[in-house]
Amino acid sequence: MTKRIAVLTSGGDAPGMNAAIRAVMLTVQHYKLELIGFYHGYNGLINNESTLLSLDNVNGIIHRGGTILKSARCAQMFHSSGIGKAKKTLEQENIDALIVIGGDGSFSGLIDLQHAWPGQVIGIPGTIDNDVDGTDFTVGFSTAINTAIEAIDKIRDTADAFERVFLVELMGRHSGQITFNVGIACAAEQVLSFENVDIDHKEKTLQQLAKQINAAQKSRHTSFLIVIAENLWPNGTQALATELQNLTNVDCTLCTLGHIQRGGSPVAKDRILATKMGVAAVQAIMSNKSNVMIGEQNNTMCHVPLVEAVKHQKQVSQALVAAQQNILAIAAQNET
Ligand code: F6P
């Protein structure tokens, strides 16, 4: 009997998810298998919103952001009743293997499902946050940082014109991968993130920032850009902007980039990574692997046990944090 593979996209959508679905479809076709797509993440699995995918479905989608299968978060997957319903659908549809494209939350659901259902389960890391352990990059991260960089370069122009302080809040949930990489690429005068700010001593950070802003205003007459991770500052980044403005008497304007970072056409790096991972996911199924995430480490594809992938959040490179803190930020403040 022909092997039936299923695929779904789950959690925050990420540019390149479509490229991954396409690669899965093409590889399934190569091995003469069948591919079923479930819509709306795990909700579609629970409610059996499925469709038989063909090459027609994936034609012309490699450059499109979002996901043709739609995505969602699914609270029901945290409960045994949800897992039970998902299992029932997989049995009804005679699915042999399930590929989930998503982040660590989606993989936790997959681990729970694997305990109840004997089919093969494979994860493809797709999230702009790049916070999944066991892979150097997740699908969507490269596009998200490029989108943020493009936006901040524009903010820099207006900030320069007004000699103004801008705070730009970036996504990443509880990870500073986006914030650090974007901050460095935009030559931000300050990067504030979980990795370098001790929020229990936020008063110290505040005083240091105020001092730097005042010094920059006196000596350079130019913009001062702070990039900051969402969920870092207690009571939100606007509270920080207001506190800084009160301390310095300088206009401090907040710009929250938000969901713009999740959209757009995937950059080359994401299209290629997604394609390699999609092919590797089906190949893993063909070699009877299960319970693994497809990762890429040092330019080599690998299989990472799902439990390892979700155990810890991937850390921002210490070299990057140290370079920003000790060299780049200080140098940027002296740039004319
Ligand atoms: O995980 C991707 C992400 O965009 C995070 O960076 C962000 O914190 C979160 O999703 C936002 O989720 P939602 O769109 O459900 O508000």
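Q: What is the strand order of the open sheet of seven strands, and what kind of pairing does it have?
A: In this predicted model, the open sheet of seven strands follows the order 3-2-1-4-5-10-11, and its pairing is mixed.

Q: What makes strand 3 and strand 11 the edge strands?
A: Strand 3 (50–53) and strand 11 (300–305) each pair on one side only, and they are the edge strands of the sheet. Within this sheet, neighbouring strands are turned against each other by 30° on average, with direction ignored.

Q: How do you know that strand 4 and strand 5 pair?
A: Pairing calls for at least two bridges between two strands, and strand 4 (residues 97–102) and strand 5 (residues 120–125) share six bridges, in the parallel sense. One of the residues involved is G102, whose bridge partner in strand 5 is P125.

Q: Which strands does helix 10 touch where it packs on the sheet?
A: Helix 10 (residues 268–286) touches strand 1, strand 4, strand 5, strand 10 (292–297) and strand 11, and its direction makes about 170° with that of strand 5. Helix 1 (residues 17–30) lies across strands 1, 2, 3, 4 and 5, running at about 160° to strand 4.

Q: Why does the end-to-end distance of helix 5 agree with the span it should have?
A: Helix 5 (residues 104–116) has 13 residues, which at 1.5 Å a residue should span 18 Å, and because its end C-alpha atoms are 19 Å apart, the two values agree.

Q: Which residues of helix 5 are called buried?
A: A residue counts as buried under 20% relative accessible area, and in helix 5 the buried residues are S106, F107, G109, L110, I111, L113 and Q114. These buried residues pack against helix 2 (41–46), helix 4 (80–92), strand 4, strand 5, strand 10 and helix 11 (306–311).

How values were computed
Residues numbered from 1 in each chain as written. Predicted model: local features only at pLDDT ≥ 70, side-chain atom pairs only at ≥ 80, totals over all residues. Heavy atoms only, no water. Helix = DSSP H or I, 4+ residues; strand = E, 2+ residues; numbered from the N terminus. Axes fitted to C-alpha atoms, helices over the stretch in contact; angles between N-to-C directions. Contact = heavy atoms within 4.5 Å. Expected span 1.5 Å × (residues − 1). Buried < 20%, exposed > 50% of the residue type's maximum accessible area, 1.4 Å probe, protein only.
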